[in-house]
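Here's a quick Q&A on how the labels attached to a model follow from the numbers behind them. Have a look at the fold, then read on.

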Amino acid sequence: MIKFTFIVSFLSLLLLNACAATSPDIYHNTEIEHSISVKDLPQKVLMALPKEYNRKEFTYKRKLKNGITSYDVDYEKGGKKFSIAYDEQGTVLEEEKKVEFSDIPYDLRIKAEKVLSEHYPDYNIILVEEVYTHNEMLLEIFFSHPKAKTGFVEAIFEYQSGTFREFVNIKMKSIETLN
């Protein structure tokens, strides 16, 4: 009986380990993005927009993730692209700055490449952002892969340590939401 219990336990651990190693099968949250116009923004978000810019220069997105709606306002300043995410009350949730993958620190690039290669070999990076939120800095890498559930995935890392946080499936109504 002890041998049987040992064998069953061993095989169970082996199976569990094999399941955990197949990463595209690990759970990914899904974020749904829609391009919207300024008239679709809640009044409190409109009031919170930066006053020093012409609103005609902004592009707008509504995002839904984990049942929470947020609004992104994308703009360009000095040739660089930025985004500010607001909740429905006009509170800033995060600020993003688009960067080149080659511009992020070497150690962080190596850690990110390792995670992406392990989970999505032959990935294609589309967009990289430095994200400032809740007193921390994150790195978001938006990439495409044929085995991705929605075709596009975002990998999120802690900027300072390179610790991987999560994968998020990105579902867009239109490619226009990609800025």
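**From numbers to labels**

Q: Let's start with a pocket: what volume does the second largest pocket have?
A: About 180 Å³, and bear in mind that this is a predicted model. Its lining is made up of K80, K97, K98, V99, E100, F101, D103, I126, L127 and V128. Strand 5 and strand 6 (124-133) are the elements that give two or more residues to that lining.

Q: What makes the split of the lining of the second largest pocket 5 nonpolar, no polar and 5 charged?
A: Val, Leu, Ile and Phe count as nonpolar, while Asp, Glu and Lys count as charged. V99, F101, I126, L127 and V128 are in the lining, so they go into the nonpolar class. K80, K97, K98, E100 and D103 are there too, so they go into the charged class. That leaves no polar residue.

Q: And the largest pocket: what is its volume, and which residues sit closest to its centre?
A: The volume is about 530 Å³. Of the 20 lining residues, E31, K65, L93, E94 and E140 are the closest to the centre. Elements giving two or more residues to the lining include strand 2 (59-65), strand 3 (68-77) and strand 5 (92-99). The lining divides into 5 nonpolar, 4 polar and 11 charged residues.

Q: Why is E31 called buried?
A: The cut-off for buried is under 20% relative accessible area. E31 comes in at 8%, so it counts as buried. This residue belongs to strand 1 (residues 29-36). Setting aside residues up to four places away in sequence, E31 touches K63, L64, K65, V168, N169, I170 and K171.

Q: How do you know that S83 is buried?
A: Same test: the value has to be under 20%, and S83 has a relative accessible area of 2%, so the label holds. You'll find S83 in strand 4 (residues 80-86). Beyond its neighbours within four places in sequence, its contacts are D72, V73, D74, Y75, E94, E95, E96 and K98.

Q: What makes the S83 and D74 pair a polar contact?
A: The N or O atoms have to lie within 3.5 Å of each other. The side chains of S83 and D74 make their contact at 2.6 Å, so the distance part of the test is met.

Q: Why is N66 called exposed?
A: Exposed takes over 50% relative accessibility. N66 has 52%, so it counts as exposed. N66 sits in the loop between strand 2 and strand 3. Its phi is near 55 degrees, which is a positive value in a residue other than glycine.

Q: How do you know that H134 is exposed?
A: The bar is again over 50%, and H134 reaches 65%, so it counts as exposed. H134 is in the loop between strand 6 and strand 7. Although H134 is not a glycine, its phi is positive, at about 45 degrees.

Q: Zooming out, how many helices and strands are there, and in what order?
A: The chain has 3 helices and 9 strands. From the N terminus, they run α-β-α-β-β-β-β-α-β-β-β-β.

Q: How much of the chain counts as buried?
A: Of its 179 residues, 39% do. The accessible surface comes to about 11,000 Å², with 56% of that belonging to carbon and sulfur atoms.

Methods. Residues numbered from 1 in each chain as written. Predicted model: local features only at pLDDT ≥ 70, side-chain atom pairs only at ≥ 80, totals over all residues. Heavy atoms only, no water. Helix = DSSP H or I, 4+ residues; strand = E, 2+ residues; numbered from the N terminus. Buried < 20%, exposed > 50% of the residue type's maximum accessible area, 1.4 Å probe, protein only. Polar contact = N/O pair within 3.5 Å; in protein donor to acceptor, adjacent residues only side chain to side chain. Contact = heavy atoms within 4.5 Å. 1 Å grid on protein atoms, 1.4 Å probe; cavity = no way out; pocket = protein on both sides within 12 Å on 5 of 7 lines; lining within 4 Å. Points joined across faces, edges and corners; volume = space filled by probe spheres on them. Areas by Shrake-Rupley, 256 points an atom, 1.4 Å probe, with all protein chains shown as cover.
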